[in-house]
Amino acid sequence: MSLMSHSKWIIGKVMGTKMLKTAKVRVTRLVMDPFLLKFYNKRKTYFAHDPLQQCTVGDIVLIKALPEYRSKHVKHELVEVIYKIGQTIDPMTGKRVAGTEFLETLTDLQQSLEAEKTLLEKVQELNVSAASCEADPPAAQTPTSQ
């Protein structure tokens, strides 16, 4: 009968990558206070081995506990980058953003915004069409007997 090792898989956010082939990952979890009966955030920091140096600060990553420690502090390894920073798309402009900064230029944005109707004009148009529908109800059909 063989023993199967159950490795611990953790999802966290990369806080630093200054060390060579190592990422500093912060994991936040909710813990309930038994006296106050309230949840609070509990954070723990792990050092994960990143051999390809593929993650950057802000990425959401999946790390796995190593069966044997690589060093005194590095006890996990990076399995995959789940969510890479900078791949967020702004719904209004359709451009990629990182935080509050646009990664692409917005030169054609002004032209496209001028061509489109403003939100207020669209709402007024919808209100006018809704009011006209309420004012002219469809004629009620009366059943005819033959």
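How much area does the protein expose, and what share of it do carbon and sulfur atoms supply? The protein exposes about 12,300 Å², and carbon and sulfur atoms supply 57% of this area; accessible areas come from the Shrake-Rupley method with a 1.4 Å probe, and for residues only the protein chains shown count as cover. The model is a predicted one, in which local features need pLDDT of at least 70 and side-chain atom pairs count only at pLDDT 80 or more, while totals for chains, interfaces and linings use all residues. Residues are numbered from 1 along each chain as its sequence is written, and side-chain values use heavy atoms, with hydrogens and water left out.

Following the chain from the N terminus, the reader meets the elements in the order β-β-β-β-β-β-β-β-α-α, that is, eight strands and two helices. Here helices (H or I, at least four residues) and strands (E, at least two) are DSSP runs, numbered from the N terminus. Of the 146 residues of the protein, 20% count as buried, where buried means under 20% relative accessible area, exposed means over 50%, and partly exposed lies in between (1.4 Å probe, protein chains only). Among the contacts in the protein with a separation of 6 or more, 43% are made by residues 24 or more positions apart, a contact being heavy atoms within 4.5 Å.

We can now turn to the strands and how they are joined. Strands of a sheet pair through backbone hydrogen bonds, either parallel or antiparallel, and two strands are said to pair if DSSP finds at least two bridges between them. Strands β1 and β2 pair in the antiparallel sense over three bridges, and lysine 13 stands opposite arginine 26 in β2. The hairpin of β1 and β2 has five residues between the strands, and in this hairpin lysine 21 takes a positive phi near 55°. Strands β2 and β3 also run antiparallel, joined by twelve bridges, and the partner of leucine 30 across one such bridge is asparagine 41 in β3.

The hairpin formed by β2 and β3 has four residues between its strands, and leucine 37 lies in the turn. Phi of leucine 37 is near 55°, which is a positive value in a residue other than glycine. Why does leucine 37 count as exposed? Leucine 37 counts as exposed because its relative accessibility is 58%. Together with Leu30, Met32 and Phe39, Leu37 forms a nonpolar patch on the surface, with about 460 Å² of accessible area in total. Such patches are made of residues with over 30% relative accessible area and no salt bridge, like charges being joined within 9 Å and nonpolar side chains (Val, Leu, Ile, Met, Phe, Trp, Tyr) within 5 Å; a salt bridge is a side-chain nitrogen of Lys or Arg within 4 Å of a carboxyl oxygen of Asp or Glu. In the loop between β3 and β4 lies glutamine 53, whose phi near 50° is also positive in a residue other than glycine, and which counts as partly exposed because its relative accessibility is 45%.

From the surface we move to the interior. The largest nonpolar core has eleven residues, namely Ile10, Val14, Ala23, Val25, Val27, Tyr46, Ala48, Cys55, Val61, Ile63 and Leu78, where a nonpolar core is a set of buried Ala, Val, Leu, Ile, Met, Phe, Trp, Tyr and Cys residues joined through side-chain atoms within 4.5 Å. Two or more residues of this core come from each of β1 (9-16), β2 (22-33), β3 (38-49) and β4 (60-65), and β2 gives the largest share, three residues. Leaving aside neighbours within four places in sequence, isoleucine 10 is in contact with Val27, Tyr46, Val61, Leu62, Ile63 and His76. Histidine 76 is found in strand β5 (residues 74-83), and it counts as buried because its relative accessibility is 8%.

Further along the chain, three strands form an open sheet in the order β6-β7-β8, with antiparallel pairing. Strands β6 and β8 (101-102) stand at the edges, each with a single partner strand, so one side of each is left without a neighbour in the sheet. Two bridges join β6 to β7, and the bridge partner of threonine 88 is valine 97 in β7. Aspartate 90 has its place in the loop between β6 (88-89) and β7 (96-98), where, not counting residues up to four places away in sequence, aspartate 90 touches Lys95, Val97 and Phe102.
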